[in-house]
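Me: Please take a close look at the nonpolar core of this protein and the helix that gives most to it. I would like one connected account, with the cut-offs stated.

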Amino acid sequence: DPDQRTDALRQLGASRKEAAVAALRRGLSDTAAQVRLAAVRACAAHRSPRLVPHLRQRMRDSERTVRHAALQALVGYGHPRADNALVAGLKGAPDAMRHAVATALTAMSPKRLARVKGAVKVLVEALAPTPPKPRLHRLARALRHLGDPALVALLRFMRRTPPAQASELARPGSQCKRAACRALVAMGPAVVPALLRVAKAGIQGIRAKTLYFELLQPVIRKLGPAALPPVVRLFEARGVVCEFARRAMQHADPSTVPHLLRLFPRRRMSVETTAFVMAILSDLRHPRVVPTLLRIARQKHPNLRWIATFLLAKRPTSATAKLLAERLRTPLKERAIRLVHWLGGAKTALAVTLLRAALRRKEPEILGAVAEALASQRDKPSVPALLKLLRRRDAKLRQAVLGALGNLGDPRARPAALRLARRGPVPTRIAAITALSRLQGKRAMALLKRLSRARNQAIAGAAQSALSRVGGPLPKSVIGIRSCD
């Protein structure tokens, strides 16, 4: 009778005698599910190591209650042999048992979990499909205790492609990647050094480019600026690793400034990498950034000193004004023009003052760049100084100044633009016509209408375009009318 056998098994389990082991083993293989369940519970009370292999077989039982009772019995043993049987018993077991075993593993202490063979695989496989947030954090905490092997398994899992006929646990690769990424993010920024150490050692079957850009980069992006300090050390590397560090540092914030500043005493960094780090620093508002860039700007290295100067020109201050004024007087035209462009983008009064001082230069190329920079700053008080530049005979300088005056839209520039639009070289006249379209006025509109009938096609086309921009009517072309050209 099953009821009698159930009562007998309960009494045998409570006795904890070695003679009862044989009877319990027979009860585990009974045909009645009720008897097998009673035998499993009796084994849990008896706790004989000799019963562990038989309990492992019951994890593949046809009855759900028997399977879960065998799982709880093995967990209650607290013996390494029983813990290893948990993972070994999953072979051939239903998929739902994998989640149950993973839940049991997350409840173990780190020391006990480290002794379980195959725990990493079970915990990683439990990430598909993506579990709820509380369970995900428990899995991430357990995987963190397992060290580098767990990180390698997670990175491999991000690259997993399920077979054509997969179990219900298998999901598309994108979902596997999302689940593993969420688990790594749940571990916190402290996992980043270990991830970088694993990536540096390499993972067999995964290319370095894939490892850094497809697997590590999404994790570090989601972890935020707190994960970037370990990445700073990668600037000294080469190839893929250095490029990965460059992309990752685009999400830097002021908290990473001290870590970036430690790079500059090292001379092994290339000029390109140093310039990139300086560019990142210049975008971060930190009290130590300007002194560092000033120190580099005074070095002897020709490229680095000028790169630091350009970055200081983005936000000129009283501390950097003297250096910038000195560099604006450099005999190197290309460097001076580039510095003028940087100052033109700095919307500050100090930048305007420096640009006005640069009008004392004699080179037409530099003066043209200064005029454009002052126009971008919308500095109308500099119009008289710009009008004086129109007295020079250099055609390119006149074109640049006329363009700047047109952008400023100051009426004081209208007489000079009218004079230059009537006569002179064609490029200068076209620049004056374009300026008149922005300066406007009755005399300017009348002249534009006359010039739209000019014989010179370039002059006529420029005047017609200017009228269309202003919105004025285009005159009808009449054959036989004498042109003003």
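Reply: What follows starts with the core, moves to the aromatic pairs, and ends with a helix crossing and two loop residues.

This is a predicted model, in which local features need pLDDT of at least 70 and side-chain atom pairs count only at pLDDT 80 or more, while totals for chains, interfaces and linings use all residues. Residues are numbered from 1 along each chain as its sequence is written, and side-chain values use heavy atoms, with hydrogens and water left out.

The largest nonpolar core has 116 residues. A nonpolar core here is a set of buried Ala, Val, Leu, Ile, Met, Phe, Trp, Tyr and Cys residues joined through side-chain atoms within 4.5 Å. Buried means under 20% relative accessible area, exposed means over 50%, and partly exposed lies in between (1.4 Å probe, protein chains only). The largest share of this core, eight residues, comes from helix α14 (residues 208-223). Helices are DSSP runs (H or I, at least four residues), numbered from the N terminus, and strands are runs of E with at least two residues.

Inside the core, L155 and L260 have the most contacts. Leaving aside residues up to four places away in sequence, L155 touches L184, L195, V198, I203, I206, L211, L215 and L216; contact means heavy atoms within 4.5 Å. A second, separate core has 56 residues, including I366, A373, L386 and A463.

Helix α14 also holds T210. With a relative accessible area of 7%, T210 is buried. Its contacts, not counting residues up to four places away in sequence, are R159 and L215.

The structure holds four aromatic pairs. Rings of Phe, Tyr and Trp (its six-membered ring) pair if their centres lie within 6.5 Å; planes under 30 degrees apart count as stacked, over 60 as edge-to-face and the rest as tilted. One of the pairs is F213 with F244, edge-to-face at 6.2 Å centre to centre and 75 degrees between the planes. F213 lies in helix α14 and F244 in helix α16 (residues 240-248), so the pair ties together parts that are 31 residues apart in sequence. Both F213 and F244 are buried. Ring pairs also link Y212 with F213 and F244 into a cluster.

The rings of W306 and F310 have centres 5.7 Å apart and planes at 40 degrees, so this pair is tilted. Both residues lie in helix α20, four residues apart, about one turn of the helix. W306 and F310 are both buried.

Helix α20 (residues 302-312) crosses helix α19 (residues 289-297) at roughly 145 degrees, and their axes come within 7 Å. Axes are lines fitted to C-alpha atoms, for helices over the stretch in contact, and angles run from 0 to 180 degrees between N-to-C directions. From α19, V290, L293, L294, I296 and A297 meet L304, R305, A308, T309, L311 and L312 in α20. By class, this contact has nine nonpolar, one polar and one charged residues. Ala, Val, Leu, Ile, Met, Phe, Trp, Tyr, Cys and Pro count as nonpolar, Asp, Glu, Lys and Arg as charged, and the others, Gly among them, as polar.

Two loop residues remain. R47, in the loop between α3 (33-46) and α4 (52-58), has a positive phi of about 60 degrees although it is not a glycine. R47 is partly exposed, at 44% relative accessibility. R378, in the loop between α24 (364-376) and α25 (383-389), also has a positive phi, near 60 degrees, and is not a glycine. R378 is partly exposed, with a relative accessible area of 48%.
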